[in-house]
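I am opening a new notebook page. I will look things up one at a time and write down what I find.

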Amino acid sequence: MEKLNFTTIDEVVYTEQLPNGLNVILIPKKTLSKTFGIFTTDFGGADLEFIPYNETEAVQIPSGTAHYLEHKLFDKGDHDVYTEFGKLGSDANAYTNDSETSYYFTTVGNEIENVELLLNFVQDPYLTDDTVNKEKGIISQEYQMYADIPEQRIYLAVQESLFAKHPVRHEVLGTLDSINNMTKEQLLTAYETFYHPTNMTLAVSGNFDTEEMMTAIRSNQELKKFPEIGPFTRVYPNEQKEVHESQQILHMNVSVPKMMIGIKEYVGEIPSKELGMRKLLTNMTLDYFYSRSGTFYQELAELELIDSSFIYTSVIDKTFGFTMIGSNSAHPELLAEQIKKQLKSLSSADLEEQQFERLKKRSIGKTLRRMNSIENNAQGMIWNRNRGLSYFETIPAIQQLTLDDWKTFLLSWIDEERLTVCTIMPE
Amino acid sequence: MSMPKSAEAIKNNLHVHVLESKNFKTVTVELKFQTLVDRATITERNLLPGVLRAGTKRFPTASAIQDELDDLYGASLQLYQSVSGNCHILTVQMEYANERFIENENNLEENIFGFLNELLFNPKISQVGFDKNTVAQEKEKLRKNLKASKDDKSSYAGERLIDEMAIGELDSIHPSGYLEDIDKISETGLYATYKNLLETARIDVFVAGDVNPEETKELIGAVLSGVPDGSDKRLSGGAALPSDVKLVEKPKTIRESDEIQQAKLHIGYRTQTIFTDADFEALMIGSMILGGHAGSLLFTTVREQHSLAYYVGADLDLYSDKMIIFCGIAPKDYEKTVEIIDEQVAILKAGTFSDEVLEDTKAMMIGSYQQALDGIAGIIATEYQKILTGTLKSPQDMIEKFKSITREDIQRATSKLERDTTFFLTSKGEE
């Protein structure tokens, strides 16, 4: 067990890689009453092709596989795992996004039993043709629910327009077709590679005894047999630099049109250091110009082009990155034009030291607020470690950024051929 | 965490609560202005957070405010309004870094209260009231919001249910205001509403985090100088709860249709029990057994056994006498779903649910209360709940009560449930 002491932020983290390959992260916080445990596989909606260990042929799985598996692991045939957590007085749930699937619980008491249950249910799939078929109705309802939500539809439309081939263009849930044709065999194929301990991390944060917890996790894993495998290879298609479609217009039952601009950040795999820095600078830039007090937001508000639905978001990851900025608007075309103009002006913006120092302070304040949450801390540790970054050193990383870093980033951030505009118009 | 002492009134209308805790890297301040919800002013109240956020005498623009917040080491500022039962609450919340984690900073707490005083009591005004442009912008924003909120079908169905069910009750007033009121709002009238709010609201200040209670109280007394003197109109504890509970005269069903793929079914029940009643904790557990978690009666039948819905649940309103069941289903499954819901409510009332679901639910309810007390927001919310409900019932007391709840307690509490109004929003052509 390796002990990492982050004195400036008052956190201690213990890590260990078990003989079977599983990564364990413990973040004790004895003054709280609750404990959060999360078990994450580095496998999400955008992982659709891979070459298994010791093989040469690439295997393809249908879109929606990661999410479908997430649903099925809770189902044990005669009972549902939720009820087992319920018996321990805890709450469990899961989510799947483009790059990972996570199973988690929150509890007060029975910490070790909860961690064992978390490990056991994820590592012991119960898949039969019957149980797989039964889920089709539920996931289809989930799909329909999102299909009726304009915010979801436009988000997906942007992802689809930005990427021509990279699987991040697909909906995490898959399509109604892929959901309804899902088979047990397809789920197992994905499970064998992506749920092997070498591809997974367990993080526990909160009120527990570190030694006892680590001992329990070690013995739990020693009792289980996993095939000894080496690394597998993820396959991504060669993605073009420019967007797939520069615009898309959908029609839905909305009272006000919606517009969202997408920025394709980069293509190909980027190194950790650049990933960490890009993530900070992209978010800081968006906060600076597009938060409620930002100059660009103010401009859009004064032109009456936006309302309080205005939103921006950014996903910066190993093999893909994108940013979205948009709002409900009576004049979606004018809004798109205006935001494009603003974004393009950034490469030659006149920025001063004082502005950047304020921005760094703001970012540090925000980081401290985020780190109040043991849930955020466990998730943040996993996300950052899987990408070669140090979560609890985010504040020093912000402090080290310079005005020149910001200017260099802005110089090449925006490029017309990497922008797309998606609109939802009333029917 | 050390338990808070009872609140101290610095002025007769300013109640200060310091909640010490060493668990956080930040300190949170919340000011809460509480009045009865009023149909006549609810729309104007919705404009106040945005108008106050837009500028003060010293920081006349939103970006001047943001610069100041950045200089306060990235402190966050939120203004929002909410409705709990009969009460309307304007909340101003700030969260700022504990000085331990940042460099070269020492007057942060004092500067934060100074900023709050400026923001709340020195807004940017003209000769006739609030700034004209700001008010116009906020009116436009609210107009757009209210129009767009119709696009969220689930919340639309929830609102329509309460419209039909709570006719004449304060909680039927739409918390987000009314489209038809917006045009007639003026900068002068809005300013008068704001002044009136300051003069008539009960004001509670919460400070939670690693702070020194004595110093903090002194600081508030000295720096929050803009709080006007109290008047006898101010609410005392318990104002959020209804004064009486209603019986169901005749259950009714309302159907509407829209261009949607998934239909929304919302069913409202009268509980005849409110927060201060001895049966309330048993009712809370009962409602959670019915539809509060993945092992609940509704989830395991409607979703798991019959695959009819992706989401289904039951919500008990802590501040009224209502419980709502909600789900999203295929339009053709209405009858079948209603039948299953009725069966499950009957099982709840008869007390024929399993020991397992009873024990699991109790453990979860207790766990969720304990967990809430681990977060700043939860600490403040449970403390404020005492004021809204006028009880001294602490979360710890409620946890003890949950532990002792029996099947008979739940039967007694839930036998009073009566179905009142059913609202079904289905797809066009299915009605």
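**Confidence.** I started with chain B of this predicted model. Its pLDDT averages 92, and 96% of the residues score at least 70. I then looked for the weak spot. Residues 1–6 of chain B have a pLDDT below 50. Beyond near neighbours in sequence, that stretch makes 9 contacts in the model. I note for myself that coordinates predicted with low pLDDT should not be read in detail.

**Chain B, overall.** I looked up the secondary structure next. Chain B has 14 helices and 11 strands. Its radius of gyration is 23 Å, and the globule rule gives 22 Å for 431 residues, so chain B is as compact as a globular protein of that length. I also took the extent of the C-alpha trace of chain B, which is about 60 × 50 × 40 Å along the principal axes.

**Chain A, overall.** I repeated the steps here. Chain A holds 15 helices and 15 strands. For its 427 residues, a compact globule would have a radius of gyration near 22 Å; the 23 Å of chain A agrees with that. The C-alpha atoms of chain A fill a box of roughly 65 × 50 × 45 Å along the principal axes.

**Where the chains meet.** How many residues does each chain bring to the contact? I found 55 from chain B and 57 from chain A. Interface size is often given as the accessible area lost when the parts come together. I looked that up too: about 5000 Å² is buried between chain B and chain A, with 50% of it from carbon and sulfur atoms.

**Polar links across the interface.** I counted 26 residue pairs in polar contact between chain B and chain A, both residues being at pLDDT 80 or more. Which elements of chain B supply at least two residues each to the side that touches chain A? I listed α2 (62–71), β5 (87–97), α4 (132–148), α9 (297–305), β9 (309–316), β10 (322–329) and α11 (355–372). By class, this side of chain B has 19 nonpolar, 16 polar and 20 charged residues.

**Salt bridges.** Side chains of opposite charge can pair when their charged atoms come close. Over all chains I found 56 salt bridges. Between chain B and chain A the count is 6. I picked out B:Lys25 and A:Glu11, whose side chains meet in a salt bridge at 2.6 Å, N to O.

I also checked a pair inside chain B. B:Arg160 forms a salt bridge with B:Glu164, with the closest N and O atoms 3.0 Å apart. Both residues lie in helix α5 (residues 153–165) of chain B. B:Arg160 and B:Glu164 are 4 residues apart, about one turn of the helix.

Key: Residues are numbered from 1 along each chain as its sequence is written. Chains are lettered from A and ligands numbered from 1 in the order in which they are written. Side-chain values use heavy atoms; hydrogens and water are left out. Contact means heavy atoms within 4.5 Å. Buried area is the accessible area (1.4 Å probe) that two parts lose on being put together, summed over both. A salt bridge is a side-chain nitrogen of Lys or Arg within 4 Å of a carboxyl oxygen of Asp or Glu. A polar contact is a pair of N or O atoms within 3.5 Å; within protein, one must be able to donate a hydrogen and the other to accept it, and residues adjacent in sequence count only if both atoms are side-chain atoms. Ala, Val, Leu, Ile, Met, Phe, Trp, Tyr, Cys and Pro count as nonpolar, Asp, Glu, Lys and Arg as charged, and the others, Gly among them, as polar. pLDDT is the predictor's confidence in each residue, from 0 to 100. The radius of gyration is taken over C-alpha atoms; the globule rule is 2.2 Å times the number of residues to the power 0.38.
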